[in-house]
Structure formats: C-alpha cells, structure tokens
Amino acid sequence: MYVGRFVVVGPGLGAYRVSSRSFPNRQVTAREDALTVGPTPDAPETDNPYIAYNCVREAGDGLAVVGNGSHVDPIAEKLDLGYPPRDALATALFALDYEKDDYDTPRIAGVVGAEEAYVGTVRADALKVERVEEATLVATYEKDDPEAYALAATTAEAAAREVYDADFEHAVCAAAAEVAADGVETALYNGE
C-alpha cells in the first residue's frame, strides 16, 4: 500500500518517513537545530516547493516536532513562544492549510514530549488535532485519519529505521526524535 509521507507519534518518541513515487531522490541531513529533507546531490532539478523542509525540530521546553513540510517551523516557533502543543499544531496547520498540489496533499505533524504527545493533520475536508496516549500514525494518503500503530522502537535511531522499513511502498528516508526528561535525541536513516 502507498500511504505517502507519514508520522508516528507517541509519548517520548516520534518518527517521520518520506515515501515518494514522484521525488525519490531525497535524503535527510542533520543541521544544528533540525533534521532536514532535501534533494540528493544527483536529484533532477525541480521548482516543486514541497520537497525540501525541516522534518524534525527541537522546540519549546523539551519537545520535538515531526512533520511533512514547512509547517514544522511555525509549530516549533509557537512552542518556543509558550503555546501548548495542541494550540501550536492547530494554529500552524490552520494557517498553512493542505498543500495546494495536484493531490491536495494533507499536512501532517506531531509534537512529542517525554510524557505526552499530540498528532495533527489538515486535509481539504478537515483539520484534526488530538492528544495521543500510544504510538499513532497519520499519513498523507489512505491513512489520513490518526490510528494506533504498533511501534516497537524505544530510541530515535531504532524508530527511524523501523518506520523506514515499515510495510508501505516507496520508502525514501526517515527521521525520528526521542524525548526524555534530560533532552531530545534525534536520528536519521537514508536507507544505507
């Protein structure tokens, strides 16, 4: 099944996977304050505004944001200003709306804390933000309503690899964040 990009978010752990039929030449790279999806050096040139973005970013006081686009940054900025996670997700997703591409691609995101997590999506027909008590998946296609997901990983490194290896088509790269009382650890996996 092809579900497109997806996040898996639960208390203490969040992960994101790029799955793509149209733009498979992408990778995750680590920057000072974020993990960023972007084209590989051999990728064909494109003017598509939706293929490069921060997908994992530390924010607020011991939180991490995961998501499939440019909305990750404003969610993190709202958290840095002291917004509660639910409000940061709802405000940024509402403001940016779904992607105006040929597929009306939903924006998906999660906010992960050590003890709590929230997942959100904005589609052409809905804006949903909810607190989750267990690992929860939401994807851009087919599974665009949050649903429970059996994530075995307990670390960022294991989560990035596990979502990359998940049984959905066209895996490209993955990233994850582990949030504990002593800070945020991130990891990436580019299918090497």
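**Exercise 1. What percentage of the 192 residues of the protein count as buried?**

First, the ground rules: this is a predicted model, where local features need pLDDT of at least 70, side-chain atom pairs count only at pLDDT 80 or more, and totals for chains, interfaces and linings use all residues. Residues are numbered from 1 along each chain as its sequence is written, and side-chain values use heavy atoms, with hydrogens and water left out.

*Solution.* Step 1: fix the cut-off. Buried means under 20% relative accessible area, exposed over 50%, and partly exposed in between (1.4 Å probe, protein chains only). Step 2: apply it to the 192 residues, and 52% come out as buried.

**Exercise 2. Work out how the overall dimensions fit the globule rule.**

*Solution.* Step 1: list the secondary structure, three helices and 13 strands; these are DSSP runs numbered from the N terminus (helices H or I, at least four residues; strands E, at least two). Step 2: take the radius of gyration over C-alpha atoms and the rule as 2.2 Å times the number of residues to the power 0.38. Step 3: the protein has 15 Å, close to the 16 Å that the rule gives for 192 residues, so it is as compact as a globular protein of that length. Step 4: for the extents, the C-alpha trace spans about 40 × 35 × 30 Å along its principal axes.

**Exercise 3. Describe strand E7 and its partners.**

*Solution.* Step 1: E7 covers residues 107–112, and six of its six residues are buried. Step 2: sort the directions. In a regular strand the side chains alternate between the two faces of the sheet. Here Arg-107, Ala-109 and Val-111 point one way, while Ile-108, Gly-110 and Val-112 point the other way. Step 3: find the neighbours, remembering that two strands pair if DSSP finds at least two bridges between them. Strand E6 (residues 63–67) runs antiparallel to E7 and is joined to it by four bridges, with Val-66 opposite Gly-110. Strand E8 (residues 117–122) is also antiparallel to E7, with six bridges, and Ala-117 is the bridge partner of Val-112. Step 4: close the loop, since a hairpin of four residues joins E7 to E8.

**Exercise 4. Trace the open sheet and name its edges.**

*Solution.* Step 1: the six strands go E11-E10-E1-E2-E12-E13, with antiparallel pairing. Step 2: strands E11 (147–148) and E13 (183–189) are the edges, each pairing on one side only. Step 3: check one end. Two bridges join E10 (residues 136–139) to E11, and Thr-136 has Ala-148 as its bridge partner in E11.
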